[in-house]
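Let's take a walk through this protein together, starting with its overall layout and ending in its pockets. Please keep the viewer open as you read.

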Amino acid sequence: MTISFTLIIVFSVIFLASFDVVRSRILITLVGVGLVILSFFAAVGLGILAGIKINITIGWTLPFVIVGLGVDDMYIISLALKNEGAYQLSDFTKAMKEVCIPVTMTSMVNFCMFAVMN
């Protein structure tokens, strides 16, 4: 599992890196992947507190699905910010309005999928 997460981090850094230091998104990539991994642990902890039993299938597949879709959402948001071109609050607001529905829909589909699967 560690090798897979490391590969995702390296691929994300390569994908979002730039020779322009100001526009390089390496730190955003590291923080984004870190938050996705932490959200997995939070989801597992919340599920255990709620009394949901986690079987081996969910335990081995859930991290990869959550990390894959979370990193995908990170790519979508960073591409929308890049298309806006500037780093003002109004540009961030426009970018988030543009990607709000796709990111929310993927999250809702994942929630429903895992609720039915368990």
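What pattern does the protein follow when read along the sequence? The answer is α-α-α-α, and the secondary structure comes to 4 helices and 0 strands. Keep in mind that you are looking at a predicted model. Taken along the principal axes, the C-alpha atoms fill a box of roughly 45 × 30 × 20 Å. Of the 118 residues in the protein, 25% are buried. Contacts across the sequence are well represented: among those between residues at least 6 apart, 62% join residues at least 24 apart.

A good place to begin is helix H2, which covers residues 26–49. Its 24 residues should span 34 Å at 1.5 Å a residue, and the C-alpha atoms at its ends are 35 Å apart, so expectation and model agree. After H2 comes Gly-51, which has a positive phi, near 90°.

Now look at which parts of H2 are hidden. Its buried residues are Thr-29, Gly-32, Val-33, Val-36, Ile-37, Phe-40, Val-44 and Gly-47. To read that list, it helps to recall that an α-helix has 3.6 residues a turn, so residues three or four places apart point the same way. The cover over the buried residues of H2 includes H1 and H3.

Val-33 makes a nice close-up. This residue of helix H2 has a relative accessible area of 1%, which is under the 20% cut-off and therefore counts as buried. Setting aside neighbours within four places in sequence, Val-33 is in contact with Ile-9, Ser-12, Val-71 and Met-74. Two of those partners, Ile-9 and Ser-12, fall within the range 2–16 of helix H1, while Val-71 and Met-74 fall within the range 56–84 of helix H3. The C-alpha atom of Val-33 is also 10.0 Å from that of Thr-6, although 27 residues separate the two along the chain.

Further along H2 you can find an aromatic pair, and the structure holds 1 of these. The ring centres of Phe-40 and Phe-41 are 5.1 Å apart and their planes meet at 55°, so the pair is tilted. Are the two partners buried or exposed? Phe-40 is buried, because its relative accessible area is 9%, whereas Phe-41 is exposed, because its value is 51%.

Next, turn to the pockets. The largest pocket has a volume of about 830 Å³. It is lined by 29 residues, and those closest to its centre are Ala-43, Leu-62, Ile-66, Phe-111 and Phe-114. Helices H2, H3 (56–84) and H4 (89–117) are the elements that each give two or more residues to this lining. H2 gives the most, with 9 residues. By class, the lining of the largest pocket holds 19 nonpolar, 8 polar and 2 charged residues.

The second largest pocket holds about 230 Å³ of space. Among its 13 lining residues, Phe-15, Leu-16, Arg-25, Ser-78 and Lys-82 are the closest to the centre. Here the elements that give two or more residues are helix H1 (2–16) and H3, and H3 gives the most, with 5 residues. The lining of the second largest pocket divides into 7 nonpolar, 3 polar and 3 charged residues.

How values were computed
Residues are numbered from 1 along each chain as its sequence is written. This is a predicted model: local features need pLDDT of at least 70, side-chain atom pairs count only at pLDDT 80 or more; totals for chains, interfaces and linings use all residues. Side-chain values use heavy atoms; hydrogens and water are left out. On a 1 Å grid over the protein atoms alone, a cavity is a set of points where a 1.4 Å probe fits but cannot get out, and a pocket is an open set with protein on both sides within 12 Å along at least five of seven lines; lining residues have an atom within 4 Å of a point. Grid points are joined across faces, edges and corners, and a volume is the space filled by probe spheres set on the points. Ala, Val, Leu, Ile, Met, Phe, Trp, Tyr, Cys and Pro count as nonpolar, Asp, Glu, Lys and Arg as charged, and the others, Gly among them, as polar. Rings of Phe, Tyr and Trp (its six-membered ring) pair if their centres lie within 6.5 Å; planes under 30 degrees apart count as stacked, over 60 as edge-to-face and the rest as tilted. Buried means under 20% relative accessible area, exposed over 50%, partly exposed in between (1.4 Å probe, protein chains only). The expected span of a helix is 1.5 Å times one less than its number of residues. Contact means heavy atoms within 4.5 Å.
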